[in-house]
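The following exercises are to be worked with the sequence and the three-dimensional structure at hand. Please attempt each task before reading its solution.

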Amino acid sequence: MRFDLVVFSVAVALATVPSQPLRAEETMSQAATTQHTHPYVGMWVTEDGRIRHELLPNGRYDEARGTRESAYQGRYEVTGSHIEYWDDTGFTADGDFVSEDVLHHGGMVFYRRK
């Protein structure tokens, strides 16, 4: 076998091995890539538009505050009309959909952006 082919084969093999073992959060994040089927996926905003909370179909959320895009990100689960959040920084929160277009969360009222 030629030396350059051996070097290439070893480089490809090393590139496919993770440098560190997967953490539980990464495993959960990978599991969250499955599509969620509930009626609340989409963008939710406060009346003044300052806080924008997007529920993604893969079980993740992305929240913007003012001019700060992606201020908070994490995963969520919806059970009935109740939502639980697990932020990537470690805090948790919850909320309730009081109608198909109104979400009460963290003392705030969010409206579905259509």
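The exercises below concern a predicted model, and each is followed by a worked solution.

**Exercise 1. The overall architecture**

Task: Determine how many helices and strands the chain has, and in which order the elements run.

Solution:
1. The chain contains two helices and eight strands.
2. Read from the N terminus, the order of the elements is α-α-β-β-β-β-β-β-β-β.
3. The eight strands close into a barrel, arranged as E1-E2-E3-E4-E5-E6-E7-E8, with antiparallel pairing. On average, neighbouring strands of this sheet are turned by 30° against each other, direction ignored.
4. Of the 114 residues, 25% count as buried.
5. The chain exposes about 7700 Å², of which carbon and sulfur atoms supply 56%.
6. Among the contacts between residues at least 6 apart in sequence, 29% join residues at least 24 apart.

**Exercise 2. Strand E5 and its two partners**

Task: Establish which side chains of strand E5 are buried, and how many bridges join E5 to E4 and to E6.

Solution:
1. The general expectation is that side chains in a regular strand alternate between the two faces of the sheet.
2. Strand E5 comprises residues 82-87, and its side chains do alternate. Ile83, Tyr85 and Asp87 point to one face and are buried. His82, Glu84 and Trp86 point to the other face and are not buried.
3. On one side, E5 runs antiparallel to strand E4 (residues 68-79), joined by six bridges. Glu77 stands opposite Glu84 of E5 in this pairing.
4. The hairpin of E4 and E5 has two residues between the strands, and Gly80 takes a positive phi near 65° there.
5. E5 also runs antiparallel to strand E6 (residues 92-99), with five bridges joining the two. Trp86 has Thr92 of E6 as its bridge partner.
6. Four residues lie between the strands in the hairpin of E5 and E6, where Gly90 takes a positive phi near 120°.

**Exercise 3. A backbone angle in strand E4**

Task: Find what is notable about the phi of Ser70, and state how far this residue is exposed.

Solution:
1. Ser70 is found in strand E4.
2. Most residues other than glycine have a negative phi.
3. The phi of Ser70 is near 50°, a positive value in a residue other than glycine.
4. Ser70 has 36% relative accessibility and therefore counts as partly exposed.

**Exercise 4. An arginine in strand E2**

Task: Decide whether Arg52 is buried or exposed, and identify its surroundings.

Solution:
1. Arg52 lies in strand E2 (residues 51-55).
2. The cut-off for buried is under 20% relative accessible area. Arg52 counts as buried because its relative accessibility is 13%.
3. The side chain of Arg52 reaches the backbone oxygen of Arg50 at 3.1 Å.
4. With neighbours within four places in sequence left aside, the contacts of Arg52 include Met43, Trp44, Val45, Asp62, Glu63, Glu69 and Arg113.
5. Strand E2 pairs with E3 in the antiparallel sense over five bridges. In E3, Tyr61 is the bridge partner of Leu55.

**Exercise 5. Salt bridges across the chain**

Task: State how many salt bridges a search of the whole structure finds, and explain which parts of the chain the pair Arg60 and Asp88 ties together.

Solution:
1. The search of the whole structure finds six salt bridges.
2. One of them joins Arg60 to Asp88, with the closest N and O atoms 2.6 Å apart. Arg60 lies in strand E3 (residues 60-65) and Asp88 in the loop between E5 and E6, so the pair ties together parts that are 28 residues apart in sequence.
3. With 19% relative accessibility, Arg60 counts as buried.

**Exercise 6. A network of salt bridges**

Task: Identify which residues are linked with Asp101 in a network of salt bridges, and locate each of them.

Solution:
1. The side chains of Asp101 and Arg112 form a salt bridge at 3.0 Å, N to O. This pair links distant parts of the chain, 11 residues apart: Asp101 is in the loop between E6 and strand E7 (102-105), and Arg112 is in strand E8 (residues 108-112).
2. The side chains of Lys114 and Asp101 also meet in a salt bridge, at 3.2 Å, N to O. Here Lys114 belongs to the segment after E8, 13 residues apart from Asp101.
3. Asp101 is partly exposed, at 23% relative accessible area, whereas Lys114 is exposed, at 79%.
4. Asp101, Arg112 and Lys114 are thus linked in a network of salt bridges.

Terms used. Residues are numbered from 1 along each chain as its sequence is written. This is a predicted model: local features need pLDDT of at least 70, side-chain atom pairs count only at pLDDT 80 or more; totals for chains, interfaces and linings use all residues. Side-chain values use heavy atoms; hydrogens and water are left out. Buried means under 20% relative accessible area, exposed over 50%, partly exposed in between (1.4 Å probe, protein chains only). Two strands pair if DSSP finds at least two bridges between them. A polar contact is a pair of N or O atoms within 3.5 Å; within protein, one must be able to donate a hydrogen and the other to accept it, and residues adjacent in sequence count only if both atoms are side-chain atoms. Contact means heavy atoms within 4.5 Å. Accessible areas come from the Shrake-Rupley method with a 1.4 Å probe; for residues, only the protein chains shown count as cover. A salt bridge is a side-chain nitrogen of Lys or Arg within 4 Å of a carboxyl oxygen of Asp or Glu. Axes are lines fitted to C-alpha atoms, for helices over the stretch in contact, and angles run from 0 to 180 degrees between N-to-C directions.
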